[in-house]
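Colleague: I've just opened this one and don't know my way around yet. Could you walk me through it?

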Amino acid sequence: MTDKSPVLFERLGGAAAIANYVQEMYQRVLADPDLASFFADSSMDRVKKMQYHFLASAFDGPADYSGAELTKIHADRGITAKHFAKFCGHFADVLEEHQVAARDIDDALGRLAMFKDKVTGDSNIGG
Ligand code: HEM
């Protein structure tokens, strides 16, 4: 049989849908008083574009990410587990609002969770 279930990138709606989720996620992030200030000096056009390519690849879509390494870009910004959870929560809310299936939302959040240590720098804290 050649019956293959589509990869997460397709299940989330493909390129146009995911680019739109990224736009809407950053609208929420920039409206969140706990998160907005992190992005005060950033070029949001670049961040959104890079985030789209990063996520496309993380969701088994096209691997066209050409941005900075995740640990490096997030280091020394004071990003905590709480910030990370809120950030991911905004992404989940956007997917829910677009009626993405719960199973696919869980799958996407699972992929994001794999990057937590790189974003919060927890892997640099001895333990
Ligand atoms: C799974 C979660 C996350 C992923 C996959 C992610 C990914 C990325 C990517 C791909 C970029 C662009 C890199 C580049 O320009 O080359 C970026 C930039 C950035 N991220 Fe994240 N990020 C995540 C969570 C967060 C969180 C929770 C914060 C803070 C609350 C944050 C703050 C930033 C900032 C401030 C920039 C811009 C840095 C600059 O201006 O150069 N990120 N992130």
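**Around the ligand**

Modeller: Let's start with the ligand: 22 residues surround it, and S42, M50, G67, A68 and F87 come nearest. A residue counts as near a molecule if its C-beta atom, placed from the backbone, lies within 6 Å of it.

Colleague: Before we go on, what kind of model is this?

Modeller: This is a predicted model, where local features need pLDDT of at least 70, side-chain atom pairs count only at pLDDT 80 or more, and totals for chains, interfaces and linings use all residues. Residues are numbered from 1 along each chain as its sequence is written.

Colleague: Okay, back to the ligand. Which helices supply at least two residues of the shell?

Modeller: Those are α3 (44-58), α4 (70-74) and α5 (81-97). The largest share comes from α3, with five residues. Helices here are DSSP runs (H or I, at least four residues; strands are E, at least two), numbered from the N terminus.

Colleague: And how does the shell split by class?

Modeller: There are 15 nonpolar, five polar and two charged residues. Nonpolar covers Ala, Val, Leu, Ile, Met, Phe, Trp, Tyr, Cys and Pro; charged covers Asp, Glu, Lys and Arg; the others, Gly among them, count as polar.

Colleague: You listed F87 there. Is F87 buried or exposed?

Modeller: F87 is buried, because 20 other C-beta atoms lie within 10 Å. The cut-offs are 20 or more other C-beta atoms within 10 Å of its own for buried, 12 or fewer for exposed, and partly exposed in between, with C-beta atoms placed from the backbone. F87 is found in helix α5.

Colleague: What does F87 touch?

Modeller: Not counting residues up to four places away in sequence, F87 touches V29 and L35. Contact means that the two C-beta atoms, placed from the backbone, lie within 7 Å. As for F115, its C-alpha is 12 Å from that of F87, and the two are 28 residues apart in sequence.

Colleague: Let's zoom out. What's the overall make-up of the protein chain?

Modeller: The protein chain has seven helices and zero strands, so to speak in the pattern α-α-α-α-α-α-α along the sequence.

Colleague: How big is the C-alpha trace along its principal axes?

Modeller: About 50 × 35 × 25 Å. The radius of gyration of the protein chain is 15 Å, which agrees with the value near 14 Å that a compact globule of 127 residues would have. That radius is taken over C-alpha atoms, and the globule rule is 2.2 Å times the number of residues to the power 0.38.

Colleague: How much of the protein chain is buried?

Modeller: Of its 127 residues, 17% count as buried. On the contact side, take those with a separation of 6 or more: 71% of them join residues 24 or more positions apart.

Colleague: Which residues have the most contacts inside the largest nonpolar core?

Modeller: I18, Y21, V22, M25, L55, A56 and F59, in a core of 19 residues. Two or more residues come from each of α2 (14-30), α3 and α5, and α2 gives the most, with six. A nonpolar core is a set of buried Ala, Val, Leu, Ile, Met, Phe, Trp, Tyr and Cys residues joined through C-beta atoms within 7 Å.

Colleague: Which residues does L55 contact?

Modeller: Leaving aside neighbours within four places in sequence, L55 is in contact with I18 and V22.

Colleague: What about F9, where does F9 lie?

Modeller: F9 lies in helix α1 (residues 8-11). F9 counts as buried because 20 C-beta neighbours are inside 10 Å. Beyond its neighbours within four places in sequence, F9 is in contact with G14, I18, A56, F59, D60 and G61.

Colleague: D60 turns up there. What is its phi like?

Modeller: Phi of D60 is near 70°, a positive value in a residue other than glycine. D60 sits in the loop between α3 and α4 and is partly exposed, with 15 other C-beta atoms within 10 Å.

Colleague: And Q99, where is Q99 found?

Modeller: Q99 is found in the loop between α5 and α6 (102-113). Its phi is near 60°, a positive value in a residue other than glycine. Q99 is exposed, because 6 other C-beta atoms lie within 10 Å.
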